[in-house]
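Hi,

Here's the structure I promised to pass on. Have a look first, and my notes on what turned up are underneath.

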Amino acid sequence: MCCTHSFDEVKNEPLSPPVSLDGIKGMKFFDPHVHMTSRTTDDYRAMADAGVVALIEPAFWLGQPRTGIDTFRDYYSSLIGWERFRSSQFVWH
């Protein structure tokens with residue numbers, strides 16, 4: 001749209017054809033940077049359905065004051081404990 005067109009004209013333009021995903025159907029994917037601690041389990045399901053089989057969870061210190069080494073240990077423990085368990089509920093076949 002440019003300055004000489006109205007919104008009504010744009011609204012009536014045909015939509016682009018959908019992208020064919022046949023070429024990647026059945027492929028497995030690796031997500032190298034995803035913050036799953038701030039996502040829902042629905043996101044794990046959607047990723048599994050899309051073919052994501054592995055990911056990296058970069059640490060970003062979720063909402064805790066950085067007061068000392070014990071705070072980091074708690075956070076790290078949640079990543080390798082709880083988050084690993086949570087993700088294991090969505091096994092990829």
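One cut-off before the rest: a residue is buried under 20% relative accessible area, exposed over 50%, and partly exposed in between. So F85, at 46% relative accessibility, counts as partly exposed. Bear in mind that this is a predicted model.

F85 belongs to one of two aromatic pairs in the structure. The first one I'll describe is F72 with Y76, which is stacked, at 5.9 Å centre to centre and 25 degrees between the planes. These two sit four residues apart in helix α3, so about one helical turn separates them. Both are partly exposed, F72 at 32% and Y76 at 44%. As for W82 and F85, their ring centres are 5.7 Å apart and the planes make 40 degrees, so that pair is tilted. W82 and F85 are also in α3, three residues apart, again about one turn of the helix.

Now for helix α2, residues 41–50. Its buried residues are Y44, M47 and A48. They span an arc of only 100 degrees around the axis, which means they lie on the same side of α2. Their cover includes β1, β2 and α3. The face turned away from that buried side carries the exposed D42, D49 and A50. After α2 comes G51, with a positive phi near 105 degrees.

Last, R86, another residue of α3. Which is it, buried or exposed? Buried, because its relative accessible area is 10%. Beyond its sequence neighbours within four places, R86 contacts M36, T37, R39, T40, T41 and Y44. R86 and T41 are 45 residues apart along the chain, yet their C-alpha atoms are separated by 7.7 Å.

Cheers

Conventions
Residues numbered from 1 in each chain as written. Predicted model: local features only at pLDDT ≥ 70, side-chain atom pairs only at ≥ 80, totals over all residues. Heavy atoms only, no water. Buried < 20%, exposed > 50% of the residue type's maximum accessible area, 1.4 Å probe, protein only. Arc of directions from axis to C-beta. Contact = heavy atoms within 4.5 Å. Phe/Tyr/Trp six-rings, centres within 6.5 Å; stacked < 30°, edge-to-face > 60°.
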